[in-house]
Amino acid sequence: MHEEIVESIRDAGIIGAGGAGFPTHIKAGSRVEIVIANGSECEPLSQADQQLMSVYAKEIVRGLTLLKKATGARKGVIALKRKYTCCIESLSKAIEEDDTVELFLLDDYYPAGDEFILVYEITGRVISEGNIPVSENVLVQNVGTLFHIAEAERGIPVTHRFVTVLGEVAYPATFSIPVGTAFEDVVAMAGGVKIDDFAIIYGGPMMGRVTYDLSTPLSKTTGMILILPMNHPLISLKTRNFNLNRRLIRSACTQCRYCTDLCPRYLLGHSIQPHKIMRSLDYGIVISPEIITSAVLCSGCGLCEIYACMQDLSPRQVILELKSELTRRGYRSELSKNKTEPMHDMNYRRVPTKRLLYRLGLKDYLVNAPLSATDPVVKKVKINLKQHIGSSAFPVVNKGDFVQKGELIADIPRGTLGARYHASVSGKVQDIKNETITIIAA
């Protein structure tokens, strides 16, 4: 049974729907005590998982049950915010006959959906530096991933993605959209953009990325598309030049340490201290190597730059640049066996989501984005073959082939870290290049 579930997950091309894109069949091969279904939606404004839990509660619980069987877990926990009242009702009904699954209700703060935070909140266990939840016999999976696991049991691969479209659009809503659909077509489903000069944040206002390219294709990991005015302060911060940010830090960082005091990893007892990493940019100050290498512990949550810093600096940009450079040089954090203790006042340093939205300048975009019942009509998809962590998939179709929706178009070698890809629409393969397969819908 264990092998069959893992194989069905691999065959369906399931990757983490929460954003990282880690191949799910690898996680499903672990042995753990507890499986946590993450429905807490870390990013402010995000609603795709809420809609999913409300409408497809039974499928999510089925996916959780299958993952429990695959991993040998004795217990399943569905974590969501207590403000999601309609989801709580749907999920409570779905688990009423299963005494091995329970709901865990979280307060509305950021980043409640961080898997390190979830593990601590639910189990009281702290994941040590350099480790992952499995080190504490816990597996965390997004509810969207669990939905796909339930679909895989029925032989249905990943071809669509639930995504919320918000901001300067006519009709904010959540849609189930074919993977590879251009942002332009996705935005059109929400009635189109209401302003002339705009930018797009995809993935969420805190950890998402900025693009101005409407031809960008939707990936398996994109849960939100947010349209903002070009001159919005959040766009300016996210697109700030690194050299400019470095000069600003050298001239304006007061070492107030607010960035450290609100860092979720630091509050869990990890050794990262963003204000000391910022100090490394100052002239004439010698910083110990341990301070620099602690950058690899950063989760990239963005609280340091968007909420903590009173000088409008970007500690995250510096830390992620260091993290990338350390990776390029082959540095790997040693797995710590030492158990850390959370800060005693950790619970008092939580950032309420509503207050964060005010700081982000996004309070006016906090509107309901219901799940659309209309099936989208898409004329073309461009499916990238590296939407996941690991090696790129290789095409198994040729230019000119006609493919059916759900048909395998890219595979991975057995035993490698990667994910398969399937046609998200029926149609003709127009092109295969740059690790992308373009299909014109029939």
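On the surface of this predicted model, I26, I389 and L417 make a nonpolar patch of about 210 Å². One of these residues, L417, lies in the loop that runs between strand β15 (408–411) and strand β16 (421–422). L417 counts as partly exposed because its relative accessibility is 30%.

**Salt bridges**

Charged side chains are paired in many places, and the count of salt bridges comes to 25. Three of them are set out below, each with the closest nitrogen-to-oxygen distance.

| Salt bridge | N to O distance |
|---|---|
| K83 and D108 | 3.0 Å |
| R316 and E305 | 2.6 Å |
| D431 and K433 | 3.8 Å |

The salt bridge between K83 and D108 links distant parts of the chain, since K83 is found in the loop between β2 (75–81) and α5 (85–95), while D108 is found in the loop between β3 (101–106) and β4 (109–110), 25 residues apart. K83 has a relative accessibility of 46% and therefore counts as partly exposed, and D108, at 28%, likewise counts as partly exposed.

How are R316 and E305 placed along the chain, where their side chains meet in a salt bridge? The pair again links distant parts of the chain, with R316 in helix α16 (residues 315–328) and E305 in helix α15 (residues 303–308), eleven residues apart. Are these two residues buried or exposed? R316 is buried, because its relative accessible area is 9%, and E305 also counts as buried, because its relative accessibility is 5%.

In the salt bridge between D431 and K433, the two partners fall into separate classes of accessibility: D431, at 23% relative accessibility, counts as partly exposed, whereas K433, with a relative accessible area of 52%, is exposed. Beyond such pairs, R10, D11, D411 and R420 are linked to one another in a network of salt bridges.

**Aromatic rings**

The count of aromatic pairs comes to four. Among them is the pair of F147 and F162, which is edge-to-face, with 5.6 Å from centre to centre and 85° between the planes. This pair links distant parts of the chain, as F147 belongs to helix α7 (residues 143–153) and F162 belongs to strand β6 (residues 160–167), 15 residues apart. F147 and F162 are both buried, and ring pairs join them with Y56 into a cluster.

**Charges over rings and a polar contact**

Arginine side chains also meet aromatic rings in this model, as two cases show. The charged end of R265 sits over the ring of F116, at 3.8 Å from the centre of that ring, and the charged end of R359 sits over the ring of Y307, at 4.4 Å from the ring centre.

Another arginine, R240, is placed in the loop between helix α9 (233–238) and helix α10 (242–252). Why does R240 count as buried? Its relative accessibility is 14%, and buried means under 20% relative accessible area, so R240 falls within that class. The side chain of R240 is joined to the side chain of N245 by a polar contact of 3.4 Å.

Technical notes: Residues numbered from 1 in each chain as written. Predicted model: local features only at pLDDT ≥ 70, side-chain atom pairs only at ≥ 80, totals over all residues. Heavy atoms only, no water. Patch = residues over 30% accessible without salt bridge, like charges linked within 9 Å, V, L, I, M, F, W, Y side chains within 5 Å. Areas by Shrake-Rupley, 256 points an atom, 1.4 Å probe, with all protein chains shown as cover. Salt bridge = Lys/Arg side-chain N within 4 Å of Asp/Glu carboxyl O. Helix = DSSP H or I, 4+ residues; strand = E, 2+ residues; numbered from the N terminus. Buried < 20%, exposed > 50% of the residue type's maximum accessible area, 1.4 Å probe, protein only. Phe/Tyr/Trp six-rings, centres within 6.5 Å; stacked < 30°, edge-to-face > 60°. Lys NZ or Arg CZ within 6 Å of the ring centre and 35° of its normal. Polar contact = N/O pair within 3.5 Å; in protein donor to acceptor, adjacent residues only side chain to side chain.
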